[in-house]
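Hi everyone, thanks for coming. I'd like to walk you through one model today, so have a look at the screen and then we'll go through it together.

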There are 2 protein chains.
Amino acid sequence: MSPQQHRALATREAILRAAAEEFDRVGYDAAPLSAILERSGVTKGAFYFHFASKEALASAIVQVQDDTWPRLADRWRDRGMDPLSTLVGLCDDAVSLLSRDVVLRAGVRLAADRELGYPGLSSAHLRWEKVLADLLVAAGSAGQLRPGVDPEAAARALTSAALGARLISSATSRCADYPERMREVWRFVLPGLAAEPWCSSVLRMFADPQVL
Amino acid sequence: MSPQQHRALATREAILRAAAEEFDRVGYDAAPLSAILERSGVTKGAFYFHFASKEALASAIVQVQDDTWPRLADRWRDRGMDPLSTLVGLCDDAVSLLSRDVVLRAGVRLAADRELGYPGLSSAHLRWEKVLADLLVAAGSAGQLRPGVDPEAAARALTSAALGARLISSATSRCADYPERMREVWRFVLPGLAAEPWCSSVLRMFADPQVL
DNA sequence: TTCAAAACATACCGAGCGGTCTTTTTAGGG
DNA sequence: CCCTAAAAAGACCGCTCGGTATGTTTTGAA
(Lines give C-alpha, C1' and ligand atoms only; values in the text may rest on other atoms or scores of the structure.)
Protein backbone atom coordinates (compact mmCIF):
# COMPACT_ATOMS: atom_id res chain seq x y z
CA MET A 1 0.00 0.00 0.00
CA SER A 2 2.29 2.74 1.21
CA PRO A 3 5.75 2.90 -0.34
CA GLN A 4 8.58 1.17 1.43
CA GLN A 5 11.51 2.62 -0.46
CA HIS A 6 12.72 6.19 -0.75
CA ARG A 7 12.52 6.19 -4.51
CA ALA A 8 8.88 5.14 -4.48
CA LEU A 9 7.85 8.09 -2.35
CA ALA A 10 9.39 10.52 -4.81
CA THR A 11 7.59 9.03 -7.80
CA ARG A 12 4.36 8.92 -5.85
CA GLU A 13 4.56 12.61 -5.14
CA ALA A 14 5.59 13.33 -8.71
CA ILE A 15 2.40 11.61 -9.84
CA LEU A 16 0.31 13.55 -7.37
CA ARG A 17 1.74 16.89 -8.43
CA ALA A 18 1.40 16.19 -12.14
CA ALA A 19 -2.11 14.89 -11.69
CA ALA A 20 -3.09 17.89 -9.61
CA GLU A 21 -1.82 20.24 -12.30
CA GLU A 22 -3.80 18.46 -14.98
CA PHE A 23 -6.97 18.08 -12.91
CA ASP A 24 -6.79 21.72 -11.91
CA ARG A 25 -6.46 22.80 -15.53
CA VAL A 26 -9.06 20.71 -17.29
CA GLY A 27 -10.86 18.58 -14.72
CA TYR A 28 -11.01 14.84 -14.16
CA ASP A 29 -12.66 13.60 -17.34
CA ALA A 30 -10.67 15.79 -19.70
CA ALA A 31 -7.34 14.81 -18.16
CA PRO A 32 -6.20 11.53 -19.73
CA LEU A 33 -3.91 9.35 -17.74
CA SER A 34 -1.36 9.62 -20.54
CA ALA A 35 -1.01 13.36 -19.95
CA ILE A 36 -0.41 12.81 -16.25
CA LEU A 37 2.18 10.14 -16.97
CA GLU A 38 3.96 12.26 -19.55
CA ARG A 39 4.03 15.29 -17.26
CA SER A 40 5.36 13.31 -14.32
CA GLY A 41 7.80 11.26 -16.40
CA VAL A 42 6.33 8.06 -14.98
CA THR A 43 5.26 5.01 -16.95
CA LYS A 44 1.99 3.18 -16.70
CA GLY A 45 3.46 0.29 -14.78
CA ALA A 46 4.91 2.57 -12.13
CA PHE A 47 1.63 4.40 -11.81
CA TYR A 48 -0.51 1.33 -11.24
CA PHE A 49 1.95 0.18 -8.63
CA HIS A 50 1.12 3.26 -6.54
CA PHE A 51 -2.54 3.74 -7.34
CA ALA A 52 -5.24 1.19 -7.97
CA SER A 53 -6.98 3.36 -10.56
CA LYS A 54 -7.35 6.86 -11.89
CA GLU A 55 -10.29 7.27 -9.55
CA ALA A 56 -8.13 6.29 -6.58
CA LEU A 57 -5.61 8.93 -7.60
CA ALA A 58 -8.34 11.55 -7.69
CA SER A 59 -9.63 10.40 -4.31
CA ALA A 60 -6.15 10.78 -2.81
CA ILE A 61 -6.03 14.38 -4.02
CA VAL A 62 -9.51 15.06 -2.69
CA GLN A 63 -8.44 13.56 0.62
CA VAL A 64 -5.58 16.06 1.04
CA GLN A 65 -8.06 18.87 0.79
CA ASP A 66 -10.60 17.17 3.06
CA ASP A 67 -7.94 16.92 5.76
CA THR A 68 -6.78 20.51 5.36
CA TRP A 69 -9.92 22.48 6.07
CA PRO A 70 -10.85 21.08 9.50
CA ARG A 71 -7.29 21.69 10.69
CA LEU A 72 -7.37 25.23 9.41
CA ALA A 73 -10.73 25.87 11.05
CA ASP A 74 -9.49 24.47 14.37
CA ARG A 75 -6.41 26.65 14.25
CA TRP A 76 -8.56 29.74 13.83
CA ARG A 77 -10.94 28.62 16.53
CA ASP A 78 -8.03 28.28 18.94
CA ARG A 79 -7.01 31.87 18.40
CA GLY A 80 -10.03 32.97 20.38
CA MET A 81 -10.77 36.01 18.30
CA ASP A 82 -14.22 37.49 17.84
CA PRO A 83 -16.47 35.54 15.42
CA LEU A 84 -16.41 38.06 12.60
CA SER A 85 -12.63 38.38 12.50
CA THR A 86 -12.36 34.62 12.70
CA LEU A 87 -14.73 34.27 9.78
CA VAL A 88 -12.91 36.71 7.55
CA GLY A 89 -9.49 35.49 8.61
CA LEU A 90 -10.36 31.86 8.06
CA CYS A 91 -11.74 32.55 4.60
CA ASP A 92 -8.77 34.69 3.65
CA ASP A 93 -6.43 31.97 4.84
CA ALA A 94 -8.19 29.26 2.89
CA VAL A 95 -8.29 31.39 -0.23
CA SER A 96 -4.63 32.21 0.07
CA LEU A 97 -3.74 28.54 0.41
CA LEU A 98 -5.82 27.69 -2.62
CA SER A 99 -4.15 30.33 -4.73
CA ARG A 100 -0.74 28.84 -4.03
CA ASP A 101 -1.21 25.07 -3.68
CA VAL A 102 -2.10 23.22 -6.87
CA VAL A 103 -2.95 20.01 -5.05
CA LEU A 104 -5.49 21.74 -2.83
CA ARG A 105 -6.96 23.51 -5.82
CA ALA A 106 -7.28 20.28 -7.78
CA GLY A 107 -8.85 18.57 -4.78
CA VAL A 108 -11.47 21.25 -4.46
CA ARG A 109 -12.24 21.11 -8.16
CA LEU A 110 -12.52 17.34 -8.16
CA ALA A 111 -14.80 17.36 -5.14
CA ALA A 112 -16.95 20.09 -6.64
CA ASP A 113 -17.18 18.40 -10.03
CA ARG A 114 -18.47 15.24 -8.40
CA GLU A 115 -21.12 17.25 -6.61
CA LEU A 116 -22.19 19.11 -9.71
CA GLY A 117 -22.58 15.82 -11.51
CA TYR A 118 -24.49 14.14 -8.73
CA PRO A 119 -26.85 16.64 -7.13
CA GLY A 120 -27.43 14.55 -4.04
CA LEU A 121 -24.03 14.83 -2.43
CA SER A 122 -23.12 18.43 -1.86
CA SER A 123 -20.94 17.71 1.12
CA ALA A 124 -18.15 20.23 0.62
CA HIS A 125 -20.12 23.39 -0.04
CA LEU A 126 -22.74 22.55 2.55
CA ARG A 127 -19.94 22.07 5.06
CA TRP A 128 -18.48 25.48 4.31
CA GLU A 129 -21.95 26.97 4.43
CA LYS A 130 -22.38 25.47 7.88
CA VAL A 131 -19.08 26.85 9.14
CA LEU A 132 -19.90 30.32 7.89
CA ALA A 133 -23.43 30.17 9.26
CA ASP A 134 -22.24 29.12 12.72
CA LEU A 135 -19.71 31.94 12.83
CA LEU A 136 -22.27 34.44 11.61
CA VAL A 137 -24.78 33.36 14.23
CA ALA A 138 -22.10 33.79 16.86
CA ALA A 139 -21.26 37.17 15.41
CA GLY A 140 -24.91 38.11 15.68
CA SER A 141 -25.03 37.11 19.34
CA ALA A 142 -21.92 39.22 19.90
CA GLY A 143 -23.61 42.22 18.37
CA GLN A 144 -21.27 42.35 15.42
CA LEU A 145 -23.97 42.17 12.78
CA ARG A 146 -26.21 44.95 11.56
CA PRO A 147 -29.83 44.53 12.61
CA GLY A 148 -32.00 42.59 10.19
CA VAL A 149 -29.22 40.41 8.79
CA ASP A 150 -30.16 36.75 8.37
CA PRO A 151 -27.04 34.69 9.18
CA GLU A 152 -28.07 31.64 7.16
CA ALA A 153 -28.91 33.70 4.10
CA ALA A 154 -25.66 35.59 4.45
CA ALA A 155 -23.75 32.32 4.67
CA ARG A 156 -25.38 31.08 1.49
CA ALA A 157 -24.64 34.30 -0.36
CA LEU A 158 -21.03 34.34 0.80
CA THR A 159 -20.54 30.73 -0.23
CA SER A 160 -21.90 31.52 -3.66
CA ALA A 161 -19.64 34.54 -4.03
CA ALA A 162 -16.57 32.59 -2.93
CA LEU A 163 -17.35 29.77 -5.34
CA GLY A 164 -17.95 32.09 -8.27
CA ALA A 165 -14.83 34.13 -7.54
CA ARG A 166 -12.76 30.99 -7.39
CA LEU A 167 -13.99 29.74 -10.75
CA ILE A 168 -13.51 33.03 -12.54
CA SER A 169 -10.12 33.52 -10.96
CA SER A 170 -9.17 29.95 -11.80
CA ALA A 171 -10.06 30.48 -15.44
CA THR A 172 -8.33 33.82 -15.83
CA SER A 173 -5.23 33.53 -13.67
CA ARG A 174 -4.99 30.01 -12.25
CA CYS A 175 -6.31 31.47 -8.97
CA ALA A 176 -3.40 33.90 -8.65
CA ASP A 177 -5.80 36.79 -8.07
CA TYR A 178 -8.26 34.79 -5.99
CA PRO A 179 -7.23 36.47 -2.71
CA GLU A 180 -7.52 39.94 -4.22
CA ARG A 181 -10.89 39.06 -5.71
CA MET A 182 -12.18 37.85 -2.36
CA ARG A 183 -10.95 40.96 -0.58
CA GLU A 184 -12.94 42.88 -3.12
CA VAL A 185 -16.00 40.84 -2.19
CA TRP A 186 -15.47 41.57 1.50
CA ARG A 187 -15.08 45.30 0.94
CA PHE A 188 -18.27 45.16 -1.06
CA VAL A 189 -20.25 43.04 1.36
CA LEU A 190 -19.13 43.97 4.85
CA PRO A 191 -20.73 47.44 5.06
CA GLY A 192 -24.13 45.82 4.69
CA LEU A 193 -23.29 42.94 7.00
CA ALA A 194 -21.21 44.11 9.96
CA ALA A 195 -22.04 46.76 12.55
CA GLU A 196 -19.52 49.37 13.58
CA PRO A 197 -16.84 49.36 14.80
CA TRP A 198 -16.31 45.77 13.61
CA CYS A 199 -16.78 46.60 9.97
CA SER A 200 -14.00 49.17 9.84
CA SER A 201 -11.86 47.01 12.06
CA VAL A 202 -12.08 44.00 9.80
CA LEU A 203 -11.63 46.03 6.64
CA ARG A 204 -8.46 47.44 8.12
CA MET A 205 -7.06 43.88 8.20
CA PHE A 206 -6.71 43.96 4.45
CA ALA A 207 -4.44 46.98 4.66
CA ASP A 208 -2.11 45.33 7.20
CA PRO A 209 -0.72 42.21 5.54
CA GLN A 210 1.05 40.95 8.64
CA VAL A 211 -2.19 40.21 10.48
CA LEU A 212 -3.03 37.39 8.12
CA MET B 1 -28.81 22.99 -44.31
CA SER B 2 -32.06 24.07 -42.69
CA PRO B 3 -34.88 21.51 -42.75
CA GLN B 4 -37.37 21.62 -45.62
CA GLN B 5 -40.00 19.28 -44.26
CA HIS B 6 -42.22 19.54 -41.20
CA ARG B 7 -41.05 16.24 -39.83
CA ALA B 8 -37.41 17.29 -39.94
CA LEU B 9 -38.04 20.35 -37.81
CA ALA B 10 -39.68 18.26 -35.13
CA THR B 11 -36.78 15.82 -34.88
CA ARG B 12 -34.31 18.68 -34.91
CA GLU B 13 -35.99 20.25 -31.93
CA ALA B 14 -36.26 16.89 -30.22
CA ILE B 15 -32.50 16.53 -30.57
CA LEU B 16 -31.92 20.02 -29.19
CA ARG B 17 -34.11 19.45 -26.17
CA ALA B 18 -32.64 16.07 -25.34
CA ALA B 19 -29.10 17.36 -25.82
CA ALA B 20 -29.81 20.37 -23.63
CA GLU B 21 -31.11 18.15 -20.85
CA GLU B 22 -28.03 15.96 -20.98
CA PHE B 23 -25.56 18.84 -21.29
CA ASP B 24 -27.24 20.65 -18.42
CA ARG B 25 -27.01 17.58 -16.24
CA VAL B 26 -23.48 16.35 -16.81
CA GLY B 27 -21.76 18.72 -19.23
CA TYR B 28 -20.48 18.28 -22.75
CA ASP B 29 -17.74 15.69 -22.28
CA ALA B 30 -19.70 13.46 -19.94
CA ALA B 31 -22.74 13.40 -22.21
CA PRO B 32 -22.25 10.70 -24.86
CA LEU B 33 -24.05 11.08 -28.11
CA SER B 34 -25.73 7.75 -27.47
CA ALA B 35 -27.50 9.17 -24.42
CA ILE B 36 -28.79 12.12 -26.41
CA LEU B 37 -30.00 9.84 -29.18
CA GLU B 38 -31.72 7.47 -26.79
CA ARG B 39 -33.40 10.31 -24.92
CA SER B 40 -34.65 11.93 -28.09
CA GLY B 41 -35.63 8.68 -29.79
CA VAL B 42 -33.52 9.59 -32.80
CA THR B 43 -31.02 7.37 -34.56
CA LYS B 44 -27.48 8.26 -35.46
CA GLY B 45 -28.25 8.64 -39.12
CA ALA B 46 -31.02 11.13 -38.46
CA PHE B 47 -28.79 13.09 -36.12
CA TYR B 48 -25.93 13.53 -38.55
CA PHE B 49 -28.41 14.68 -41.15
CA HIS B 50 -29.26 17.66 -38.96
CA PHE B 51 -25.91 18.39 -37.32
CA ALA B 52 -22.41 18.10 -38.70
CA SER B 53 -20.96 16.99 -35.38
CA LYS B 54 -21.53 16.87 -31.65
CA GLU B 55 -19.62 20.14 -31.41
CA ALA B 56 -21.96 21.75 -33.92
CA LEU B 57 -24.91 20.65 -31.79
CA ALA B 58 -23.35 22.26 -28.74
CA SER B 59 -22.63 25.43 -30.68
CA ALA B 60 -26.25 25.63 -31.76
CA ILE B 61 -27.33 25.48 -28.12
CA VAL B 62 -24.76 28.08 -27.13
CA GLN B 63 -26.04 30.27 -29.94
CA VAL B 64 -29.59 30.30 -28.56
CA GLN B 65 -28.26 31.71 -25.33
CA ASP B 66 -25.95 34.19 -27.05
CA ASP B 67 -28.92 35.60 -28.92
CA THR B 68 -31.13 35.78 -25.84
CA TRP B 69 -29.16 38.06 -23.53
CA PRO B 70 -28.69 41.07 -25.82
CA ARG B 71 -32.40 41.06 -26.61
CA LEU B 72 -33.25 40.89 -22.93
CA ALA B 73 -30.87 43.73 -22.12
CA ASP B 74 -32.31 45.88 -24.90
CA ARG B 75 -35.83 45.26 -23.67
CA TRP B 76 -34.89 46.48 -20.20
CA ARG B 77 -33.01 49.44 -21.60
CA ASP B 78 -36.11 50.48 -23.51
CA ARG B 79 -38.17 50.62 -20.36
CA GLY B 80 -36.30 53.76 -19.36
CA MET B 81 -36.22 52.95 -15.68
CA ASP B 82 -33.51 54.14 -13.31
CA PRO B 83 -30.17 52.25 -13.61
CA LEU B 84 -30.43 50.38 -10.34
CA SER B 85 -33.93 49.04 -10.96
CA THR B 86 -32.89 48.13 -14.48
CA LEU B 87 -29.90 46.22 -13.11
CA VAL B 88 -31.87 44.25 -10.57
CA GLY B 89 -34.78 43.68 -12.92
CA LEU B 90 -32.56 42.51 -15.74
CA CYS B 91 -30.72 40.08 -13.52
CA ASP B 92 -33.90 38.74 -12.00
CA ASP B 93 -35.36 38.27 -15.47
CA ALA B 94 -32.31 36.41 -16.73
CA VAL B 95 -32.22 34.21 -13.65
CA SER B 96 -35.89 33.43 -13.95
CA LEU B 97 -35.47 32.44 -17.58
CA LEU B 98 -32.54 30.20 -16.71
CA SER B 99 -34.45 28.45 -13.99
CA ARG B 100 -37.18 27.48 -16.44
CA ASP B 101 -35.52 26.95 -19.82
CA VAL B 102 -33.26 23.91 -20.10
CA VAL B 103 -31.82 24.98 -23.43
CA LEU B 104 -30.69 28.32 -22.07
CA ARG B 105 -29.23 26.63 -19.02
CA ALA B 106 -27.32 24.13 -21.11
CA GLY B 107 -26.06 26.90 -23.37
CA VAL B 108 -24.71 28.84 -20.42
CA ARG B 109 -23.05 25.77 -19.01
CA LEU B 110 -21.47 24.84 -22.32
CA ALA B 111 -20.17 28.36 -22.85
CA ALA B 112 -18.82 28.51 -19.31
CA ASP B 113 -17.19 25.09 -19.52
CA ARG B 114 -15.33 26.16 -22.62
CA GLU B 115 -14.08 29.25 -20.82
CA LEU B 116 -13.00 27.36 -17.74
CA GLY B 117 -11.04 24.99 -19.89
CA TYR B 118 -9.38 27.67 -21.98
CA PRO B 119 -8.52 30.63 -19.78
CA GLY B 120 -8.05 33.01 -22.69
CA LEU B 121 -11.63 33.33 -23.84
CA SER B 122 -13.86 34.48 -21.02
CA SER B 123 -16.32 36.23 -23.27
CA ALA B 124 -19.59 35.47 -21.52
CA HIS B 125 -18.78 36.42 -17.96
CA LEU B 126 -16.76 39.43 -19.01
CA ARG B 127 -19.73 40.58 -21.05
CA TRP B 128 -22.07 40.30 -18.08
CA GLU B 129 -19.50 42.02 -15.91
CA LYS B 130 -19.43 44.87 -18.40
CA VAL B 131 -23.21 45.20 -18.47
CA LEU B 132 -23.39 45.30 -14.68
CA ALA B 133 -20.49 47.74 -14.44
CA ASP B 134 -22.05 50.14 -16.93
CA LEU B 135 -25.35 50.11 -15.10
CA LEU B 136 -23.63 50.58 -11.76
CA VAL B 137 -21.63 53.52 -13.06
CA ALA B 138 -24.85 55.05 -14.31
CA ALA B 139 -26.44 54.36 -10.95
CA GLY B 140 -23.54 56.15 -9.30
CA SER B 141 -24.00 59.18 -11.49
CA ALA B 142 -27.67 59.18 -10.60
CA GLY B 143 -26.82 59.20 -6.90
CA GLN B 144 -28.28 55.76 -6.30
CA LEU B 145 -25.11 54.29 -4.82
CA ARG B 146 -23.77 54.71 -1.32
CA PRO B 147 -20.61 56.82 -1.17
CA GLY B 148 -17.36 54.91 -1.52
CA VAL B 149 -18.77 52.09 -3.65
CA ASP B 150 -16.52 51.06 -6.53
CA PRO B 151 -18.82 50.15 -9.44
CA GLU B 152 -16.31 47.89 -11.19
CA ALA B 153 -15.50 45.99 -8.02
CA ALA B 154 -19.20 45.67 -7.26
CA ALA B 155 -19.82 44.32 -10.75
CA ARG B 156 -17.12 41.70 -10.30
CA ALA B 157 -18.47 40.64 -6.90
CA LEU B 158 -22.03 40.42 -8.19
CA THR B 159 -20.94 38.36 -11.19
CA SER B 160 -19.13 35.98 -8.88
CA ALA B 161 -22.14 35.66 -6.61
CA ALA B 162 -24.50 35.04 -9.51
CA LEU B 163 -22.20 32.40 -10.98
CA GLY B 164 -21.75 30.62 -7.67
CA ALA B 165 -25.45 30.71 -6.89
CA ARG B 166 -26.26 29.26 -10.28
CA LEU B 167 -23.87 26.36 -9.86
CA ILE B 168 -25.02 25.47 -6.38
CA SER B 169 -28.64 25.81 -7.36
CA SER B 170 -28.03 23.78 -10.49
CA ALA B 171 -26.50 20.97 -8.46
CA THR B 172 -29.15 20.90 -5.75
CA SER B 173 -32.38 21.66 -7.59
CA ARG B 174 -31.70 21.93 -11.33
CA CYS B 175 -31.86 25.71 -10.89
CA ALA B 176 -35.41 25.61 -9.55
CA ASP B 177 -34.42 27.75 -6.56
CA TYR B 178 -32.01 29.96 -8.50
CA PRO B 179 -34.36 32.97 -8.45
CA GLU B 180 -34.94 32.66 -4.72
CA ARG B 181 -31.21 32.29 -4.11
CA MET B 182 -30.45 35.42 -6.11
CA ARG B 183 -33.11 37.42 -4.28
CA GLU B 184 -31.35 36.35 -1.12
CA VAL B 185 -28.11 37.72 -2.53
CA TRP B 186 -29.76 41.01 -3.36
CA ARG B 187 -31.28 41.38 0.10
CA PHE B 188 -27.85 40.68 1.50
CA VAL B 189 -25.91 42.99 -0.80
CA LEU B 190 -28.14 45.95 -1.53
CA PRO B 191 -27.95 47.62 1.91
CA GLY B 192 -24.21 48.07 1.43
CA LEU B 193 -24.56 49.07 -2.19
CA ALA B 194 -27.58 51.32 -2.73
CA ALA B 195 -28.42 54.62 -1.10
CA GLU B 196 -31.85 55.37 0.22
CA PRO B 197 -34.57 55.51 -0.88
CA TRP B 198 -33.50 53.32 -3.79
CA CYS B 199 -32.46 50.43 -1.60
CA SER B 200 -35.84 50.00 0.05
CA SER B 201 -37.56 50.68 -3.24
CA VAL B 202 -35.74 47.93 -5.04
CA LEU B 203 -36.08 45.49 -2.19
CA ARG B 204 -39.80 46.06 -2.27
CA MET B 205 -39.84 44.67 -5.82
CA PHE B 206 -39.24 41.21 -4.46
CA ALA B 207 -42.39 41.40 -2.38
CA ASP B 208 -44.55 42.39 -5.36
CA PRO B 209 -44.32 39.58 -7.90
CA GLN B 210 -46.25 41.41 -10.60
CA VAL B 211 -43.53 44.01 -11.14
CA LEU B 212 -41.20 41.43 -12.61
C1' DT C 1 27.40 -11.25 -2.59
C1' DT C 2 22.96 -12.89 -2.99
C1' DC C 3 18.19 -12.97 -3.49
C1' DA C 4 13.45 -12.03 -2.67
C1' DA C 5 10.54 -8.39 -2.71
C1' DA C 6 9.69 -3.81 -4.20
C1' DA C 7 9.54 -0.83 -8.01
C1' DC C 8 9.24 0.04 -12.70
C1' DA C 9 8.66 -0.88 -17.90
C1' DT C 10 5.89 -2.24 -21.96
C1' DA C 11 3.02 -4.72 -24.95
C1' DC C 12 -1.59 -5.64 -25.14
C1' DC C 13 -6.87 -5.79 -24.41
C1' DG C 14 -11.86 -4.69 -24.52
C1' DA C 15 -15.05 -1.01 -24.27
C1' DG C 16 -17.04 3.17 -25.66
C1' DC C 17 -16.52 7.15 -28.10
C1' DG C 18 -17.49 10.38 -32.31
C1' DG C 19 -18.00 10.00 -36.99
C1' DT C 20 -18.77 7.76 -41.87
C1' DC C 21 -20.94 4.84 -45.24
C1' DT C 22 -24.49 2.55 -47.60
C1' DT C 23 -29.15 1.54 -47.73
C1' DT C 24 -34.03 2.19 -46.93
C1' DT C 25 -38.14 4.84 -46.00
C1' DT C 26 -40.89 8.84 -46.36
C1' DA C 27 -42.76 13.14 -48.11
C1' DG C 28 -44.73 16.19 -51.55
C1' DG C 29 -44.73 18.50 -56.26
C1' DG C 30 -45.60 17.15 -61.18
C1' DC D 1 -50.03 7.89 -58.97
C1' DC D 2 -45.15 8.33 -59.36
C1' DC D 3 -40.82 9.71 -59.00
C1' DT D 4 -37.10 12.32 -56.97
C1' DA D 5 -34.99 14.35 -53.29
C1' DA D 6 -35.31 14.88 -48.37
C1' DA D 7 -35.02 12.36 -44.26
C1' DA D 8 -33.97 8.53 -41.44
C1' DA D 9 -31.91 3.98 -40.41
C1' DG D 10 -28.18 0.99 -38.88
C1' DA D 11 -23.99 -1.38 -39.75
C1' DC D 12 -19.35 -0.21 -39.59
C1' DC D 13 -14.56 2.12 -38.69
C1' DG D 14 -10.59 4.17 -36.33
C1' DC D 15 -9.18 5.93 -32.27
C1' DT D 16 -8.29 6.79 -27.50
C1' DC D 17 -9.28 5.65 -23.12
C1' DG D 18 -8.52 3.12 -18.52
C1' DG D 19 -6.87 -1.09 -17.10
C1' DT D 20 -4.19 -5.71 -17.15
C1' DA D 21 -0.63 -9.14 -17.78
C1' DT D 22 3.85 -10.18 -17.98
C1' DG D 23 8.50 -9.29 -18.01
C1' DT D 24 12.69 -6.46 -16.25
C1' DT D 25 15.39 -3.68 -13.16
C1' DT D 26 16.49 -1.85 -8.67
C1' DT D 27 16.74 -1.93 -3.75
C1' DG D 28 18.11 -3.17 0.83
C1' DA D 29 18.62 -6.60 4.28
C1' DA D 30 20.70 -11.04 5.38
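**A walk through the model**

Let's begin at the DNA: the residues of the surface near DNA strand D divide into eight nonpolar, ten polar and six charged. Please keep in mind that this is a predicted model.

So who sits by that strand? 24 residues surround DNA strand D, and the closest are P32(A), L33(A), Q5(B), G45(B) and A46(B). You'll notice that both chains are in that list. On the chain A side, helices α1 (6–26), α2, α3 (44–50) and α4 (54–78) each supply at least two residues of this surface. On the chain B side, α1 (6–26) and α3 (44–50) do so. Which element gives the largest share of the surface near DNA strand D? That is α3(B), with four residues.

A quick word on confidence. Chain A has a mean pLDDT of 92, and 92% of its residues reach 70 or more. Among the elements of chain A, helix α2 (residues 33–40) has the highest mean pLDDT, 98, and helix α6 (residues 102–117) the lowest, 88.

Now, how do the two chains go together? Chain B is superposed on chain A by a rotation of 180° with 0.0 Å of shift along the axis, at an RMSD of 0.0 Å. That is the relation of a two-fold axis. As for where they touch, 32 residues of chain B are in contact with 32 residues of chain A. Helices α6 (102–117), α8 (151–173) and α9 (178–193) of chain B each supply at least two residues of the side that touches chain A. The most comes from α8(B), with 15 residues. That side of chain B divides into 18 nonpolar, eight polar and six charged residues. And 100% of the interface residues of chain B are also interface residues in chain A, so the copies meet through the same surface.

One residue to click on here is R187(B), which lies in helix α9 of chain B. Is R187(B) buried or partly exposed? It is partly exposed, because 19 other C-beta atoms lie within 10 Å, and the cut-off for buried is 20 or more. Leaving aside neighbours within four places in sequence, R187(B) is in contact with A153(A) and L203(B).

Last stop, the core. The largest nonpolar core has 118 residues, and I61(A) and I61(B) touch the most other members. Beyond four places in sequence, the contacts of I61(A) include L16(A), F23(A), V103(A) and L110(A).

Conventions:
Residues are numbered from 1 along each chain as its sequence is written. Chains are lettered from A and ligands numbered from 1 in the order in which they are written. This is a predicted model: local features need pLDDT of at least 70, side-chain atom pairs count only at pLDDT 80 or more; totals for chains, interfaces and linings use all residues. pLDDT is the predictor's confidence in each residue, from 0 to 100. Copies are superposed by least squares on the C-alpha atoms of residues with pLDDT of at least 70 in both. Two residues are in contact if their C-beta atoms, placed from the backbone, lie within 7 Å. Ala, Val, Leu, Ile, Met, Phe, Trp, Tyr, Cys and Pro count as nonpolar, Asp, Glu, Lys and Arg as charged, and the others, Gly among them, as polar. A nonpolar core is a set of buried Ala, Val, Leu, Ile, Met, Phe, Trp, Tyr and Cys residues joined through C-beta atoms within 7 Å. A residue is buried if 20 or more other C-beta atoms lie within 10 Å of its own, exposed if 12 or fewer, and partly exposed in between; C-beta atoms are placed from the backbone. A residue is near a molecule or strand if its C-beta atom, placed from the backbone, lies within 6 Å of it.
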